[in-house]
Amino acid sequence: MSTVTYKELSSIPVLMDEYRNAVKDILPGVGTKRSAKDNPSTAFEVKGVKIDVAHLAAYNSATGLRLSNELPLTYPYVLSFPIVMKVMTAKDFPLTAVGLVHLNNTIEQTRPLTVDNELDIAVHAENLRPHTKGVLIDFVTKVSVAGEVVWTQTSAFLAKGAKLSSSSPHKDAEPTDARLLDKAAKPEVTPTATYRVTPEDIKIYADASGDKNPIHVSNLGAKAFGFPATIAHGMWSAAAMLRGLEGQIPQAARFQVDFAKPVVLPGSVALFANNSEGTAAEGNANWDLQLRKASKLDILHATGRIEAV
């Protein structure tokens with residue numbers, strides 16, 4: 001089994017540089033030959049990250065979240081994603097980064113991070129395993145303040161159609177569907193909120209997040225990967241779930257999301273939020289969430305759950 005070794009970077013990488021490195025893998029004779037054998041040992045960390053308030057404001061504006069002294073639950077995702085991509089493009093990463101699909105996400109925080117916190121961010125990959133449609137791997141991101149881990153995230157990514165190496169110690173594991181939450185039934189109630197989202201909105205989100213993957217900003221790029229038009233980022237959808245709950249999320253919280261069908265642009269999404277227990281003031285508000293296509297509620301974009309921890 002691989003032992004993780006963290007390499008300290010002087011700053012957060014430029015995300016588009018890492019995308020360019022990822023593309024090299026699909027160029028004949030140029031990229032790294034990869035084998036889905038085991039978890040990678042290469043990991044990265046960046047220490048002393050300060051919050052750029054202008055960047056935070058741009059992210060909040062792009063997601064419809066309010067700007068305050070506290071960071072949105074999903075904001076550290078966009079801060080840390082370039083480091084995730086750095087792990088994906090390391091020579092010992094077992095899968096080809098291009099085409100990986102973000103299936104689910106779990107964020108857990110012990111308290112809200114704030115704009116004056118100085119962050120240490122560390123990312124590694126683990127739990128390589130078979131999926132019913134390919135091979136799955138988790139990225140684990142930890143954000144610490146003064147040595148205390150405050151925010152932790154696990155993101156599961158699927159390599160569709162991939163197979164584990166015959167020499168992989170994980171090849172005999174039972175394939176998983178990677179679902180975090182129970183399958184959601186279509187609600188029989190009025191949506192909590194409805195949001196319109198356009199290609200321009202997602203280009204603004206792409207600028208704010210740094211994630212300018214062609215499937216999000218180019219119709220030609222999206223069609224090359226089998227989509228009818230550009231699609232919203234999965235984590236835009238996750239942030240849209242939070243948008244309807246501001247002020248009602250526990251300070252110490254776990255936020256789980258299973259992504260389903262992507263939001264094709266332009267479109268409207270309907271948020272359904274069911275408070276299953278408690279209140280934010282009491283510190284124990286739990287929410288069951290669904291994001292569906294507003295014009296056709298049979299189409300599920302994402303299922304989520306927020307619970308106090």
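Begin at the boundary between domain 1 and domain 2, where two salt bridges are counted, a salt bridge being a side-chain nitrogen of Lys or Arg within 4 Å of a carboxyl oxygen of Asp or Glu. The model is a predicted one, in which local features need pLDDT of at least 70 and side-chain atom pairs count only at pLDDT 80 or more, while totals for chains, interfaces and linings use all residues. Residues are numbered from 1 along each chain as its sequence is written, and side-chain values use heavy atoms, with hydrogens and water left out.

Select R254 and E108 next: they form a salt bridge whose closest N and O atoms are 2.9 Å apart.

Now colour residues 1-178 as domain 1 and 180-308 as domain 2, bounds that come from an automatic or database domain assignment. The contact between them takes 31 residues from domain 1 and 27 residues from domain 2, where contact means heavy atoms within 4.5 Å. The C-alpha centres of the two domains lie 20 Å apart. About 2,500 Å² is buried between domain 1 and domain 2, with carbon and sulfur atoms giving 59% of that area; buried area is the accessible area (1.4 Å probe) that two parts lose on being put together, summed over both.

Which element gives the most to the side of domain 1 that touches domain 2? Select strand 3, which supplies eight residues there, and then the residues of that side as a set, which divide into 16 nonpolar, eleven polar and four charged. Here Ala, Val, Leu, Ile, Met, Phe, Trp, Tyr, Cys and Pro count as nonpolar, Asp, Glu, Lys and Arg as charged, and the others, Gly among them, as polar. Strands (E, at least two residues) and helices (H or I, at least four) are DSSP runs, numbered from the N terminus.

Two backbone details come next. Most residues other than glycine have a negative phi, and most peptide bonds are trans. In the loop between strand 8 (253-259) and strand 9 (267-277), select P266, which is joined to L265 by a cis peptide bond with omega about -10°. Then move to N127 in strand 4 (residues 119-131), a residue other than glycine whose phi is positive, near 60°.
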